[in-house]
Amino acid sequence: MLASATQAGGWPVKLNCQTFQSHHQGTWLVWLHGLLGTCDDWASVVGACDHYPSLLVDLPGHGNSRDVTLTGGLAEMSELLKATLSEYQIKDYCLIGYSLGGRIAMYHAIYGKPDGLRGLLVEGGNPGLFSRRERDMRLRHDQHWAQRFRQEPMTSVLADWYQQAIFADLTAVQREQLIRLRSQNRGNHIADMLENTSLGHQPWLVPALQQISMPFSCLCGENDHKFRRIAQQYTLPLTTIPQSGHNSHYGNPAAFAGAVNHFLSLFG
C-alpha cells in the first residue's frame, strides 16, 4: 500500500509500506531495512513477532519506493517517516532498524520529535562519527561507492561490496544469494540514497542516546565485532544475537525475533 499524503514538512510522501497483523491493538512495530534492501527483508522475523501489528517500510530508492528521491538527507527522511506513520494513523510505535534503517531510527528518535515513539531497536546502526576528519573520510568513501553504483553493472559492484570487512562472516553461498537478490536495485537510486544519508552527514548521536529515556537497545551479531565494540565503548545497551554477523536478522532470524519479543515484553 502506498502512503500518499500530499506534503510532509514541504516534502511529498510516497513511501511504499506493507502491513501485517494490523488487527492487533497496541504498539506498532515499524521496520526499516538497510541500504540495498526492501521491506521484504523482514519477512522471516515479522512472522515470529505476530502478537504486534507491523508496518514494513520501503525506504526511498528501494523496493516499491524506488522512484522516491531523497534530497534533504536524514532530516527529510525523518519527515517522510513521520508523515507515513500519520497516513497509517499509527500513534504508538517501536522503531526497528537495520544498518541505514537503524541510523534513520536513531536520528528520528533524537531529532524527529516523535510523540508516539515507545521504543528503539537498532541492529548494526552507527551512532555517528565524532570528528570532522572522520566524517570527511566517510563522505569520500560513500561518494566513491556511489560513483561505482552509477557507472558499473550492479552485480560487479555488489561482488566487491560484500567483500567489505563488515560482511566477513558471510559464507560464499550467502554472499552469492545477496548479490543475486540485491542486483534488482537500480544503481543510480542506490547512489542517491547513499550520498544523501551518508554517515558523513549524520550528527554525532552518542550523547543523546546515552541519555534517552525510552526503552532502547543495540542488537549486534556475536561476530559483528565492530558494532559490538561501538556499543561497549559508548556504554549503549547491547543485546548480542548468537551465531550471526552484521546482518543478524538474516543470519539468525529465530534468535533475532526472540530478542525483539523479549525487548517488547519488558515494556509492553
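Five bridges join strand S2 to strand S4 (residues 93-98), and the two strands run parallel. The model described here is predicted, and this report moves from the surroundings of strand S2 to the salt bridges and then to the cavities.

**Strand S2 and its neighbours**

Within the pairing of S2 with S4, tryptophan 31 has isoleucine 96 of S4 as its bridge partner. Strand S2 is also joined to strand S3 (residues 54-57), through four bridges and again in a parallel arrangement, and in this pairing leucine 32 is matched with valine 57 of S3. How many of the residues of strand S2 (residues 28-32) are buried? Five of the five are, so the strand is largely enclosed by the rest of the structure. The cover extends to both faces, since Trp28, Val30 and Leu32 on one side are buried, as are Leu29 and Trp31 on the other.

An unreviewed UniProt entry carries the annotation "domain: AB hydrolase-1", which according to that record covers residues 29-258. In the model, the end C-alpha atoms of residues 29-258 lie 14 Å apart, and the span is 45% helix and 13% strand.

**Salt bridges**

A search of the whole structure finds 10 salt bridges, including the three listed here with their N to O distances.

| Side chains | Distance, N to O | Helix |
|---|---|---|
| Glutamate 79 and lysine 82 | 3.9 Å | H2 (residues 73-87) |
| Arginine 132 and aspartate 136 | 3.2 Å | H4 (residues 132-151) |
| Aspartate 142 and arginine 138 | 3.1 Å | H4 |

In helix H2, glutamate 79 and lysine 82 are three residues apart, about one turn of the helix. Glutamate 79 counts as partly exposed at 24% relative accessibility, and lysine 82 likewise counts as partly exposed, at 32%.

In helix H4, arginine 132 and aspartate 136 are four residues apart and therefore separated by about one helical turn. Arginine 132 is partly exposed, with a relative accessible area of 47%, and aspartate 136 is partly exposed with a value of 29%.

The other H4 pair in the table, aspartate 142 and arginine 138, is also set four residues apart, so that about one helical turn separates the two. Is aspartate 142 buried or partly exposed? With a relative accessibility of 3%, aspartate 142 counts as buried, whereas arginine 138, at 26%, counts as partly exposed. Elsewhere, salt bridges that share partners join Arg148, Glu152 and Asp160 into one network.

**Cavities**

The structure holds two cavities of 30 Å³ or more. The largest has a volume of about 50 Å³, and the residues lining this cavity are Val122, Gly124, Gly125, Pro127, Cys218, Leu219, Cys220, Phe227, Ile230, Ala231 and Leu236. The elements that contribute two or more residues to this lining are strand S6 (216-221) and helix H9 (225-233). By residue class, the lining of the largest cavity divides into nine nonpolar and two polar residues, with no charged residue.

For the second largest cavity, the enclosed space is about 50 Å³. Which residues line the second largest cavity? They are Pro60, Gly61, Arg66, Val68, Thr69, Leu70, His189, Asp192 and Met193. This lining divides into four nonpolar, three polar and two charged residues, whereas the lining of the largest cavity has no charged residue.

Note on methods: Residues are numbered from 1 along each chain as its sequence is written. This is a predicted model: local features need pLDDT of at least 70, side-chain atom pairs count only at pLDDT 80 or more; totals for chains, interfaces and linings use all residues. Side-chain values use heavy atoms; hydrogens and water are left out. A salt bridge is a side-chain nitrogen of Lys or Arg within 4 Å of a carboxyl oxygen of Asp or Glu. Buried means under 20% relative accessible area, exposed over 50%, partly exposed in between (1.4 Å probe, protein chains only). Two strands pair if DSSP finds at least two bridges between them. UniProt positions are given in the numbering used here, feature names are shortened, and annotations may be inferred rather than shown by experiment. On a 1 Å grid over the protein atoms alone, a cavity is a set of points where a 1.4 Å probe fits but cannot get out, and a pocket is an open set with protein on both sides within 12 Å along at least five of seven lines; lining residues have an atom within 4 Å of a point. Grid points are joined across faces, edges and corners, and a volume is the space filled by probe spheres set on the points. Ala, Val, Leu, Ile, Met, Phe, Trp, Tyr, Cys and Pro count as nonpolar, Asp, Glu, Lys and Arg as charged, and the others, Gly among them, as polar.
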